Structures are given as C-alpha cells and as structure tokens.
Amino acid sequence: MAAPVNAHSHAFQRDIRGRTQTRPTSRPGADFWSWRHEMYARALSYDPDGLYRASLACFGEMRAAGWGSVGEFHYLHRDPDGHRYDDPLVLSDAVIEAALAVHLPICLLYVAYATSDVDGAPLGPDQRRFRSDTLDEVVHAVETLRQRWAHDPRVSVGVAPHSVRAVPEAWWTPLAEAAEALDVPLHAHVSEQEREVERCVEVHGCRPVRFLADRGVLSPRFTAVHATHLSHREIGLLAEAGAHVCACPSTERDLGDGVLPARRLSAAGVPICLGSDSHTLLDPWEELRLPEYHLRLIERRRIVLGEDQDGVTRWAPAALRSATRAGGDALRTGAGRVDVGAPADLVSIDLSHPALRGWDRDHFAEIVAVAARGGVAEPLAL
Ligand SMILES: [Zn+2]
C-alpha cells in the first residue's frame, strides 16, 4: 500500500524521548510549557554534525516504522550563541541529508520565528537559535533551499510561520503570498494550547483561525497543525478555505494538549493528516487509530468517526486516508497514493505477523487499523 506520510515532525525532539516524564515533586504539575522549557535546553546543544546524527536516528526509526516520507518543521537556524552560521542554511541541509541517508523523502518546512508571544514580545534567550530577523530572510531561505535541492526529487520545501505566538502580525500576509508565488505548502502550529487562544483574543480580539483568515492565510495550501482548540466558526473557516488540519495525537496526549475535534472537522469536510511531531513514539498505525480512540474515551461510545458505506459506518478507511493521501496533499508532494505519476513510496504489511493472524478481506482495513504496528529499525551506525 502507499506508505503513510508523516506530515509534521521535529526530528531532534526524539532525543528527549523518555527524558521529560518526571517532575520535581515540589512542582504541582507539568504541562506543555514546562516540557517546552526542557525541549529548548536540548535544542541549544547541537552543532551541525550533532543535529545530523540526531535527525538520522529519528528518520531511521521513522522509515523502519513504516512512514514513507516526512514534513520536517524545521526551526533550528542559528548557532548555539544565536549567531548566523557562515552558511545560514547549514542546519537545514543537515536535516535534509539525514533524511536522504535513510532514503526518506523530505519536505523541509522552513520556519519563521521572531517573537515569544502574541503581542510581539521579543524572543527569550533560550529561543535564540530559532530567530529570523526579517521576513526577507525567511523567503530568501526558502528560495535558496529550493534551488539548492532542485536536482533531487525526494526533497521539497515549504513555508512555515511557527504560530501566532512566534510570528509578527505584519508577516502573515506576505508569507502566505510567498507560499502562493513559489507554489509551496504553508504550515503553521494553530491552537495547540488554550493559552494561545486566550492570548490571541486578548491581543487581536479574535481566535487564531479567524486571525489567520483575515490575513489571507487560509487556503488549500495551508495546514493547521494540532488545531486542538477550535470553535465551530473556526472549523467552518478552515472548511470554506479548503485548508488541512494535521493531528499529532501521540504527541498531543503526551503533552496534555487536548483532543482533536475530529468528528466536527470531518463532518465539515476538513481533511485530517497525521504527524508524529515530538516522536514520543514512531508508529503510523498508532497515530491513525488515536483520533477515533480519544473521542471514544470522551464520548463514551464506539465508532465515533467514519463514513457510511452501504448502510455500515466505518472509521478505518478514513483513518487510512488520513495517514496516507491527506499527508501527501498537505505537503503537496503527491505521496500517500498509488497512482500514475505519484511517488512510489510504498510500505508492505506482513500478513503473517501474529498481530494480523486471522485477517480477512472484509475486515482488513479494520484489522490493520486496530492491531498493526510499526516495524523495528536495523541498528544504525551513528
Ligand atoms: Zn510541532
């Protein structure tokens, strides 16, 4: 079958897997914001070779798990002191080269990152490696990467304004226009945390999706990553624009973000793709079943998502589409489908695996959706 498309990744975050699962007992709780503090500390540690090796470990496991291509939301741009490297794109290249070393096609989503809050507050010291000084710097980086990697069909590039927290208000419309002019995907984190929504309302008088809609950001080339906290009106805006949503359910449960409103999004016709984001685990089968399972726990009923097929509601075919072609559409690579002209990123399913024993054609989609698991990487010489 077409290999699953991992539409949202931060490869280096695999390095903190299992290292953010404790908290000082004196602290009442841990959350996304305390996790982010720990993640920033790791982000300060890499030189270009170290980032290559961290990315290689992540992408090697990703490839073996069954993901066939990746959208890497890349925001490590500067050296550990916050200065530009002689080649300002050396870290982007390191990530791309790591993906290619394990034969994983990559869409490098080059991130614009310039503020620490919705009100335009300056970056904190631990965000110094992410900084883009100007809008032109971001657009120039995307253009340069495109030209630099134009010879390799496994590499594509996109524009990624990080979030309403990290991108100045005046940059959104030009970044959307640049993505349009270059005909590349446009991805942003949207409403992962309630605090982001509250700050957007305080500063701009509207919720994040409305803010983006009013600046011409929403379109079929736009993907809202996470989109955990959406109003009905925001879902309508995404649907009207033909935009995608990228759910990262294993990360969202790890970070306590919230649950994707997948039933309301699907009812509105918003395509949902999937990403493993922080790589707490790397398994496309786990990601594709979680949106359904999370809603079961909340709504205390079964077969929450899905579509009618001859009088039977089935959730697995739509989940498989989320894992495959929806990701290829969101990254605009054409991956995730078996079709003439589409990239031949395929994955095989071992029907003799004990987890699938007893499979039959009528229930195959459901059997793999609930029970399949990713493969295991060969040891990499790192
Ligand atoms: Zn992310």
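The paragraphs below lead through a predicted model, from its zinc site to a helix, a nonpolar core and the aromatic pairs. Local features are reported at pLDDT of at least 70 and side-chain atom pairs only at pLDDT 80 or more, while totals for chains, interfaces and linings use all residues. Residues are numbered from 1 along each chain as its sequence is written, and side-chain values use heavy atoms, without hydrogens and water.

The zinc ion has as its protein donors (N, O and S atoms within 2.8 Å of the metal, or 3.2 Å for Na, K and Ca; with water not among the atoms, sites may look incomplete) the NE2 atoms of His8, His10 and His189, which lie 2.0 to 2.2 Å from the ion. Along the chain these donors follow the spacing H-x1-H-x178-H. Distant parts of the chain are linked in this way, since His8 belongs to strand S1 (residues 5-9) and His189, 181 residues apart from it, to strand S5 (residues 186-190); helices (H or I, at least four residues) and strands (E, at least two) are DSSP runs numbered from the N terminus. Both His8 and His189 are buried, where buried means under 20% relative accessible area, exposed over 50% and partly exposed in between, with a 1.4 Å probe and protein chains only.

Helix H3 covers residues 90-101, and nine of its twelve residues are buried, so the helix is largely enclosed by the rest of the structure. Its cover includes helices H2 (48-65) and H4 (135-148) together with strands S2 (69-74), S3 (106-112) and S4 (155-161). Within strand S4, Val155 counts as buried at 11% relative accessibility; leaving aside neighbours within four places in sequence, Val155 is in contact (heavy atoms within 4.5 Å) with Ile96, Leu100, Ile106 and Trp149.

Ile106 is also among the residues that touch the most other members of the largest nonpolar core, which has 120 residues; such a core is a set of buried Ala, Val, Leu, Ile, Met, Phe, Trp, Tyr and Cys residues joined through side-chain atoms within 4.5 Å.

Rings of Phe, Tyr and Trp (its six-membered ring) pair if their centres lie within 6.5 Å, with planes under 30 degrees apart counted as stacked, over 60 as edge-to-face and the rest as tilted; the count comes to eleven aromatic pairs. The rings of Tyr75 and Tyr113 have centres 6.0 Å apart and planes at 40°, so this pair is tilted. Tyr75 is buried, at 4% relative accessible area, and Tyr113 is buried at 2%.

Terms used. The expected span of a helix is 1.5 Å times one less than its number of residues.
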